[in-house]
Amino acid sequence: MFAFILAAVLAQAPVAPVEPGPSAPDAGAPEAAPPVPISALPPATHELFQRIQGRVAQVRIIERRSGTRSSIGSAFFVSAAGHAVTNYHVVSDVVIHPEDYTAELVLSGSPEPVPVRLVDVDVVHDLAVIQMGTPVTDFFALEDREPPQGARLFAMGNPRDLGTTIVEGTYNGYIQDALYERLHFSGAINPGMSGGPTLTGEGRVVGINVATMGNQVGFLVPVRYARELLARALKETAADPQALLDTVRTQLMDNQERLTERLMEAPLPKQALGGYQVPGRWSPFLKCWGDTPHDPEVPYTVTNYQCSSEEDIYVSSNHRTGVVAYLHQHATSQKLGALRFSALYSALFAQDPDAVEATRQDVTNYRCKSEFVDVGGLPVRAALCLRAYRKFPGLYDVVLRAATLNAGTSGVDTSLTLAGFTADNGRKIARRYLEGLSWTK
């Protein structure tokens, strides 16, 4: 159906007349390059917008008690049966709190919102499929053809409730060494455009708007994940609330299993830090950096080395998961005695690491177990802490704290944070991590 409509539109496109040339070219003149066919040129932005704006809609999340919208996003139609693709984070309130929120679409040229049902989700890649109760005649066919680097693209959506908008930008390929695949779009993706399509000048969707860092740095979900999700959704009816939560749990479980296998199969490189060696950059998706604050008034030195995944998984506005991060602090002093240094070192160990975002509605309190362990002859004090996910049984945030105990005025305090792992996988990774500690003196 889409191919028929597109062919009909292209057949009606005006063709510029060809200017008559000279009756015979000059024999000594170089032969001119043939002109680029008009049909091969991308259409003007306004022509593209007019042709496809009806395929893009605004998503409104409605708070049931007040009957008013709590947030907005974008979506685009992908089937004649009224299926539309959007971001998971746009409709996450409907997934996590279905008793409090519902969703509706505002269609192009129609003032009255239309209720929609949530059919399926992909929480790892931040996608969802919603569906109206009535069919549509104009929709996108999802393909999987990657454009060349530098291709001109067009992002569409509803930024800041200003109506359907089209923004021009440039395709810059996949983000290198990313934990969760994203495309780099050099164009303005603003709040409210999440879930809208980014497409070529021919109207072919290549990605779904998902995030921005500002300053023309935007990110897209590759279209192949939307195509895979739609293939499942076309076989389903609307899912009940518990079924959606079960789907999210299964996807988070599968994701942490992949992450665990990836870490356990990779060699654990070591990073020199003072007289110690500590776990270095364990995987390409981790970004690492270090620093030593300089303060002449402080009688000790603390050098930091930290690594973390720069992406996470959005579960709700208050809950993020799918994170791997760790921090090493090497403390040393030539001025403090062993007793005073011990007090400083204990204070470092007592500090809470940067917590992964979650609320009491999402997770329990941490429960910790502390013990003294021997790591290849290096005495270490270690504490392993877990907090359970309330809505997704079997998943935990896992934090390992450890401190070396072999020297009187120096030592390494380290913390490992794993968000959204099983208890067994968390312990397995923590044991491997501890093996990365050693003393080189």
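## How α3 meets α5

Helix α3 crosses α5 in a left-handed sense. This is a predicted model, so take what follows in that light. The two helices pack with their axes 9 Å apart, at an angle of about 125 degrees. Angles of 65 to 115 degrees would count as roughly perpendicular and those over 145 as roughly antiparallel, so α3 ends up oblique to α5.

Who does the touching? On the α3 side the contact uses Tyr88, Val95 and Ile96, while α5 brings Leu244, Leu245 and Val248. Sorted by class, that contact has six nonpolar residues, with no polar and no charged ones.

## α3 under cover

α3 runs over residues 88–96, and nine of its nine residues are buried. The buried set isn't purely greasy by name: His89, Ser92 and Asp93 are among them, along with Tyr88 and Val91.

## The big core and its neighbour

The largest nonpolar core has 76 residues, and those touching the most other members are Tyr88, Val95, Leu105, Leu118, Ile130, Trp282 and Phe392. Tyr88 and Val95 turn up here as well as in the α3 contact with α5. As for elements, α5 is the top contributor to this core, giving seven residues.

Which residues does Ile130 contact, once neighbours within four places in sequence are set aside? Its partners include Val91, Leu105 and Leu118, plus Val59, Ala75, His83, Thr86 and Arg117.

There's also a second, separate core of 26 residues, and Val85, Leu199, Val221 and Leu230 are in it.

Note on methods:
Residues are numbered from 1 along each chain as its sequence is written. This is a predicted model: local features need pLDDT of at least 70, side-chain atom pairs count only at pLDDT 80 or more; totals for chains, interfaces and linings use all residues. Side-chain values use heavy atoms; hydrogens and water are left out. Buried means under 20% relative accessible area, exposed over 50%, partly exposed in between (1.4 Å probe, protein chains only). Helices (H or I, at least four residues) and strands (E, at least two) are DSSP runs, numbered from the N terminus. Axes are lines fitted to C-alpha atoms, for helices over the stretch in contact, and angles run from 0 to 180 degrees between N-to-C directions. Angles under 35 degrees count as roughly parallel, over 145 as roughly antiparallel, 65 to 115 as roughly perpendicular and the rest as oblique. A crossing is left-handed if the near helix is turned anticlockwise from the far one by less than a right angle, and right-handed if clockwise. Contact means heavy atoms within 4.5 Å. Ala, Val, Leu, Ile, Met, Phe, Trp, Tyr, Cys and Pro count as nonpolar, Asp, Glu, Lys and Arg as charged, and the others, Gly among them, as polar. A nonpolar core is a set of buried Ala, Val, Leu, Ile, Met, Phe, Trp, Tyr and Cys residues joined through side-chain atoms within 4.5 Å.
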